[in-house]
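Student: I've got the sequence and the coordinates open, and I'd like to work through them with you. Can we go through a few questions together?
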Amino acid sequence: MDKQRLCIERELMSNSAQIIWDLISTDSGLARWVADNVTQDGEQLTFVWGELWSHHEVRKGTIVEKIKNECIKISWDDEDGPDNFFELRMDKSHITNDYVLTITDFAWEDEVDSLKTIWNDNLARLRNSSGI
């Protein structure tokens, strides 16, 4: 059985490509809204959720595609298959002149709602931490 594709679009309150790009493509930007801590070593990213001295989760991912001011695609090192990645894509809205962030991720059928909640919580953190 294949994972289901999840696609979430959110208009951001910013028309600055550099601000958006920094938030989706750097370890410090991702640490503001995707995980509690993110570190980068070359193309390898380490995501940490929770406190190191208590319950926490660590996952490693590899940047497999990065097109400046357009998208970043990160594959999970602990998964195999064509749907082992998530992608963050930024597009300019021709109507509002602001950027739209499109998140593409994959989940098993019984985990889709949970993944939607996680990404919506992440987007709320993004808005709270950066104002966009």
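Student: Is Ile-67 buried, partly exposed or exposed?
Tutor: This is a predicted model, so take the numbers as computed from it. Ile-67 belongs to strand S4, which covers residues 56–67. Its relative accessible area is 33%. Buried needs under 20% and exposed needs over 50%, so Ile-67 comes out as partly exposed.

Student: How far is Ile-67 from Trp-21 in space, C-alpha to C-alpha?
Tutor: Along the sequence, Ile-67 and Trp-21 are 46 residues apart. In space, the C-alpha to C-alpha distance between Ile-67 and Trp-21 is 9.9 Å.

Student: OK, stepping back: in what order do the elements run from the N terminus?
Tutor: The protein has three helices and seven strands to place. Reading from the N terminus, the order is β-α-α-β-β-β-β-β-β-α.

Student: What radius of gyration does the protein have, and what would a compact globule give?
Tutor: Along the principal axes, the C-alpha atoms fill a box of roughly 40 × 35 × 25 Å. For 132 residues, a compact globule would come out near 14 Å. The protein agrees with that, with a radius of gyration of 15 Å.

Student: What share of the residues is buried?
Tutor: For the outside, the accessible surface comes to about 7,500 Å², and 47% of it belongs to carbon and sulfur atoms. For the inside, count residues under 20% relative accessible area. Out of 132 residues, the buried share is 41%.

Student: Which residues touch the most other members of the largest nonpolar core?
Tutor: That core holds 32 residues. Among the elements giving it two or more residues are strand S1 (4–11), helix H1 (17–25), strand S6 (85–92) and helix H3 (112–130). The residues touching the most other members are Leu-30, Trp-33, Phe-47, Leu-88, Leu-101 and Trp-119.

Student: Let's zoom in on Trp-119. Is it buried or exposed?
Tutor: Trp-119 is found in helix H3. Leaving aside neighbours within four places in sequence, it's in contact with Leu-6, Ile-8, Trp-33, Val-34, Phe-86, Leu-88, Ile-103 and Asp-105. Its relative accessibility is 4%, so Trp-119 counts as buried.

Student: What separates the C-alpha atoms of Trp-119 and Trp-33?
Tutor: Trp-119 and Trp-33 are 86 residues apart along the chain, yet they're in contact. Their C-alpha atoms are separated by 9.5 Å.

Student: And Leu-88, which residues does it touch?
Tutor: Skip anything up to four places away in sequence. What's left for Leu-88 is Ile-24, Leu-30, Trp-33, Glu-70, Cys-71, Ile-72, Leu-101, Thr-102, Ile-103 and Trp-119.

Student: Now a loop residue: is Leu-12 buried or exposed?
Tutor: Leu-12 lies in the loop between S1 and H1. Beyond its neighbours within four places, it's in contact with Ile-20, Asp-98, Tyr-99, Leu-101, Leu-126 and Ile-132. With a relative accessible area of 2%, Leu-12 is buried.

Student: Where does Ala-124 sit, and how accessible is it?
Tutor: The place of Ala-124 is in helix H3. Its C-alpha is separated by 19 Å from that of Asp-91, 33 residues apart along the chain. Ala-124 counts as partly exposed, with a relative accessibility of 37%.

Student: What about backbone oddities: what is phi for Asn-69?
Tutor: Most residues other than glycine have a negative phi. Asn-69 is in the loop between S4 and S5, and at 31% relative accessibility it counts as partly exposed. It isn't a glycine, but its phi is positive, at about 60°.

Student: And what is phi for Asn-97?
Tutor: Asn-97 is in the loop between S6 and S7. At 41% relative accessibility, it counts as partly exposed. Its phi is also positive in a residue other than glycine, near 70°.

Student: Last one: how far apart are the mean positions of the positive and negative charges?
Tutor: The protein carries 14 positive and 26 negative charges. The mean positions of those two sets are apart by 6 Å.

Terms used
Residues are numbered from 1 along each chain as its sequence is written. This is a predicted model: local features need pLDDT of at least 70, side-chain atom pairs count only at pLDDT 80 or more; totals for chains, interfaces and linings use all residues. Side-chain values use heavy atoms; hydrogens and water are left out. Helices (H or I, at least four residues) and strands (E, at least two) are DSSP runs, numbered from the N terminus. The radius of gyration is taken over C-alpha atoms; the globule rule is 2.2 Å times the number of residues to the power 0.38. Buried means under 20% relative accessible area, exposed over 50%, partly exposed in between (1.4 Å probe, protein chains only). Accessible areas come from the Shrake-Rupley method with a 1.4 Å probe; for residues, only the protein chains shown count as cover. Lys and Arg count as positive and Asp and Glu as negative; His and the chain ends are not counted. The place of a charge is taken as NZ of Lys, CZ of Arg, CG of Asp or CD of Glu. A nonpolar core is a set of buried Ala, Val, Leu, Ile, Met, Phe, Trp, Tyr and Cys residues joined through side-chain atoms within 4.5 Å. Contact means heavy atoms within 4.5 Å.
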